[in-house]
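Work through the exercises below with the model open. Each task is followed by a stepwise solution.

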Amino acid sequence: MDKKQLIDFENEIAEIYESGEIRGPIHLRDGNEDKLIEIFKEIDSRDYVFSTWANHLHVLLKGVPPEKLKARILEGESMAANFPEYNCYTSAIVGGICPIAVGVAAGLIRNKKLLSRVFIFIGDMTLLTGIASESIRYSINYDLPVTWVIEDN
């Protein structure tokens, strides 16, 4: 997806939310589309993407069709938009996705799936939590195939 498509998607979701059609919470992001598009050029279908509640752009750039994500959002699952068939997982629990992603990365090493990598997208406030700190240190200490991306609102 290109920048305009990403922005249009988020704007459409915002309009639907404001109409009252979406019954669950949502978390929209904007302003970082160019950088995300650049990062996702390095991510392929074998790689895993883990994200927090602000996940729409990550999910779309991982290759999940917009209509699939939109359907999930309309079901009230915006903040837990998991798509295992795309190796794409999210969580609304602050910091909760960090140890899960690190566990997957450790599993890739143990199972010798060395062609896959793990990309973890967290916000700047999640970075300050203990679980994120522990997960980052663990991934570094064990040289796991992890790329941490910290997004700043």
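Two strands count as paired if DSSP finds at least two bridges between them. The model used here is predicted.

**Exercise 1. Strand pairing**

Task: Which residue of strand 4 does V118 stand opposite, and over how many bridges do strand 3 and strand 4 pair?

Solution:
- Step 1. Locate the strands. Strand 3 covers residues 118–123, and strand 4 covers residues 146–151.
- Step 2. Find the partner. V118 stands opposite V146 in strand 4.
- Step 3. Count the bridges. Strand 3 and strand 4 pair over six bridges, in the parallel sense.

**Exercise 2. The sheet**

Task: In what order do the four strands form the open sheet, and which strands stand at its edges?

Solution:
- Step 1. Read the order. The strands run 2-1-3-4, with parallel pairing.
- Step 2. Find the edges. Strand 2 and strand 4 each have a single partner strand, so one side of each has no neighbour in the sheet.
- Step 3. Add the twist. Ignoring direction, neighbouring strands of this sheet are turned by 15° against each other on average.
- Step 4. Place the helix. Helix 5 (residues 97–110) lies across strand 1, strand 2, strand 3 and strand 4. Its angle to strand 3 is about 170°.

**Exercise 3. A81**

Task: Is A81 buried or exposed, and what does A81 contact beyond its sequence neighbours?

Solution:
- Step 1. Place A81. The residue sits in the loop between helix 4 (66–74) and strand 2 (88–90).
- Step 2. Apply the cut-off. Buried means under 20% relative accessible area. A81 has 0%, so A81 is buried.
- Step 3. List contacts. Neighbours within four places aside, A81 touches N55, V59, L69, R72, C88 and T90.
- Step 4. Check a distance. The C-alpha atoms of A81 and W53 are 8.5 Å apart, with their positions 28 residues apart along the chain.

**Exercise 4. Positive phi**

Task: What are the phi values of N87 and D143, and is each residue buried or exposed?

Solution:
- Step 1. Recall the background. Most residues other than glycine have a negative phi.
- Step 2. Take N87. Its phi is positive, about 55°. N87 lies in the loop between helix 4 and strand 2. At 15% relative accessibility, N87 is buried.
- Step 3. Take D143. Its phi is also positive, near 50°. D143 lies in the loop between helix 6 (130–141) and strand 4. With a relative accessible area of 65%, D143 is exposed.

**Exercise 5. A surface patch**

Task: Which residues form the nonpolar patch on the surface?

Solution:
- Step 1. Name the members. They are M125, L127, L128 and I150, with about 400 Å² of accessible area together.
- Step 2. Look at I150. This residue belongs to strand 4 and is partly exposed, at 36% relative accessibility.

How values were computed:
Residues numbered from 1 in each chain as written. Predicted model: local features only at pLDDT ≥ 70, side-chain atom pairs only at ≥ 80, totals over all residues. Heavy atoms only, no water. Helix = DSSP H or I, 4+ residues; strand = E, 2+ residues; numbered from the N terminus. Buried < 20%, exposed > 50% of the residue type's maximum accessible area, 1.4 Å probe, protein only. Contact = heavy atoms within 4.5 Å. Patch = residues over 30% accessible without salt bridge, like charges linked within 9 Å, V, L, I, M, F, W, Y side chains within 5 Å. Areas by Shrake-Rupley, 256 points an atom, 1.4 Å probe, with all protein chains shown as cover. Salt bridge = Lys/Arg side-chain N within 4 Å of Asp/Glu carboxyl O. Axes fitted to C-alpha atoms, helices over the stretch in contact; angles between N-to-C directions.
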